[in-house]
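Trainee: I would like to go through this model and ask what lies behind each label. Where should we start?

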Amino acid sequence: MSDINGELGEGKFRYKVSVNWESVPPGYTWREVAAVAADGNDNVYVFNRGPHPMIVFDKDGNFLNSWGEDIFVNAHGLSLGPNDTLFCTDDGDHTVRQCTLDGKVLMTIGVPGRPAEYQSGEPFNRCTHVALDQRTGDFYVSDGYGNSKIHKYSSDGKLLFS
């Protein structure tokens with residue numbers, strides 16, 4: 001719901017759209033943003049479909065860093081994980097990568113560029129997102145475009161069941 005002041009939401013959940021909030025270095029662009037996450041320091045991670053797949057800003061929109069070049073094919077989902085990590089879901093190369101906040105890949109699930117057979121039920125064929133079980137560290141991966149499955153993994157990346 002929008003009002004005359006350009007705010008969205010209701011009650012205590014009201015937001016204002018801030019056009020051109022971010023400042024990016026010359027030449028930085030993105031075609032579309034797939035997902036956004038914020039860390040405990042209010043830094044904003046923009047997972048996008050552009051030449052710099054992860055662009056990091058401070059809370060005021062100042063550019064801090066970019067990473068993921070030569071790693072990600074088609075950004076799709078982004079979830080904040082344990083111990084200051086991010087789960088980055090790439091439906092273009094059929095992987096989920098757990099990365100540090102500065103882009104070091106800690107774990108890759110799926111075989112980059114090798115999708116499971118369409119509707120086989122095997123991970124992954126265009127996986128889309130990760131949801132984390134805060135109690136155990138286990139996580140769930142939605143594999144919806146080419147598989148219609150949810151896969152559950154242990155915190156160390158072992159497939160538990162689909």
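Mentor: With a loop residue. D84 sits in the loop between β7 and β8. Keep in mind throughout that the model is predicted.

Trainee: What makes the phi of D84 worth a remark?

Mentor: Phi of D84 is positive, about 55 degrees, and D84 is not a glycine. Most residues other than glycine have a negative phi.

Trainee: Is D84 buried or exposed, and how do you know?

Mentor: The relative accessible area of D84 is 52%. Exposed means over 50%, so D84 is exposed.

Trainee: Which label does Q119 get, and why?

Mentor: Q119 has a relative accessibility of 36%. Buried would need under 20% and exposed over 50%, so Q119 counts as partly exposed. Q119 is in the loop between β10 and β11, and phi of Q119 is also positive, near 60 degrees, in a residue other than glycine.

Trainee: What is notable about the peptide bond from P123 to F124?

Mentor: That bond is cis, with omega near -20 degrees. Most peptide bonds are trans. F124 lies in the loop between β10 (105-109) and β11 (129-132).

Trainee: How many disulfides are there?

Mentor: The count comes to 0 disulfides.

Trainee: Why are C88 and C99 not called a disulfide?

Mentor: The closest cysteine sulfur to that of C88 is in C99, at 4.2 Å. A disulfide needs the two sulfur atoms within 2.5 Å, so the pair is too far apart for a bond. Taken from the other end, the closest cysteine sulfur to that of C99 is in C88, at 4.2 Å.

Trainee: How do you know whether these two cysteines are buried or exposed?

Mentor: C88 has 0% relative accessibility, and C99 has a relative accessible area of 0%. The limit for buried is under 20%, so both count as buried.

Trainee: What does C88 touch, leaving out residues up to four places away in sequence?

Mentor: The list for C88 is F47, M54, W67, F72, G77, L78, T95, V96, R97 and C99.

Trainee: What makes a set of residues such as the one around C88 a nonpolar core?

Mentor: The members must be buried nonpolar residues, joined through side-chain atoms within 4.5 Å. The largest such core has 14 residues, and Y45, F47, M54, W67, L78, L86 and C88 touch the most other members. The elements that give two or more residues to this core are β3 (33-38), β4 (44-48), β5 (54-57), β7 (75-81) and β8 (85-90). Apart from this core lies another, of 11 residues, including M107, F124, F139 and V141.

Trainee: How many aromatic pairs does a search of the whole structure find?

Mentor: The search finds 8 aromatic pairs.

Trainee: Why is the pair F47 and F72 called edge-to-face?

Mentor: The ring centres of F47 and F72 are 5.0 Å apart, within the 6.5 Å limit for a pair. Their planes are at 80 degrees, and over 60 counts as edge-to-face, so the pair gets that label. F47 is in strand β4 and F72 in the loop between β6 (63-67) and β7, so the pair ties together parts that are 25 residues apart in sequence. Both F47 and F72 are buried.

Trainee: Why is the pair F139 and Y153 called stacked?

Mentor: The centres of the F139 and Y153 rings are 5.5 Å apart and the planes are at 15 degrees. Planes under 30 degrees apart count as stacked, so this pair is stacked. F139 belongs to strand β12 (residues 139-143) and Y153 to strand β13 (residues 149-153), so the pair ties together parts that are 14 residues apart in sequence.

Trainee: How do you know that F139 and Y153 are buried?

Mentor: The relative accessible area of F139 is 0%, and Y153 has 4% relative accessibility. Both values are under 20%, so both residues are buried. Ring pairs also link F139 and Y153 with F87 and F124 into a cluster.

Trainee: Which elements make up the whole protein?

Mentor: The protein has 0 helices and 14 strands.

Trainee: Why is the protein called as compact as a globular protein of its length?

Mentor: The radius of gyration is 17 Å, and the globule rule gives 15 Å for 162 residues. The two values are close, so the protein is as compact as a globular protein of that length. Of the 162 residues, 44% count as buried.

How values were computed: Residues are numbered from 1 along each chain as its sequence is written. This is a predicted model: local features need pLDDT of at least 70, side-chain atom pairs count only at pLDDT 80 or more; totals for chains, interfaces and linings use all residues. Side-chain values use heavy atoms; hydrogens and water are left out. Buried means under 20% relative accessible area, exposed over 50%, partly exposed in between (1.4 Å probe, protein chains only). Helices (H or I, at least four residues) and strands (E, at least two) are DSSP runs, numbered from the N terminus. Contact means heavy atoms within 4.5 Å. The radius of gyration is taken over C-alpha atoms; the globule rule is 2.2 Å times the number of residues to the power 0.38. Rings of Phe, Tyr and Trp (its six-membered ring) pair if their centres lie within 6.5 Å; planes under 30 degrees apart count as stacked, over 60 as edge-to-face and the rest as tilted.
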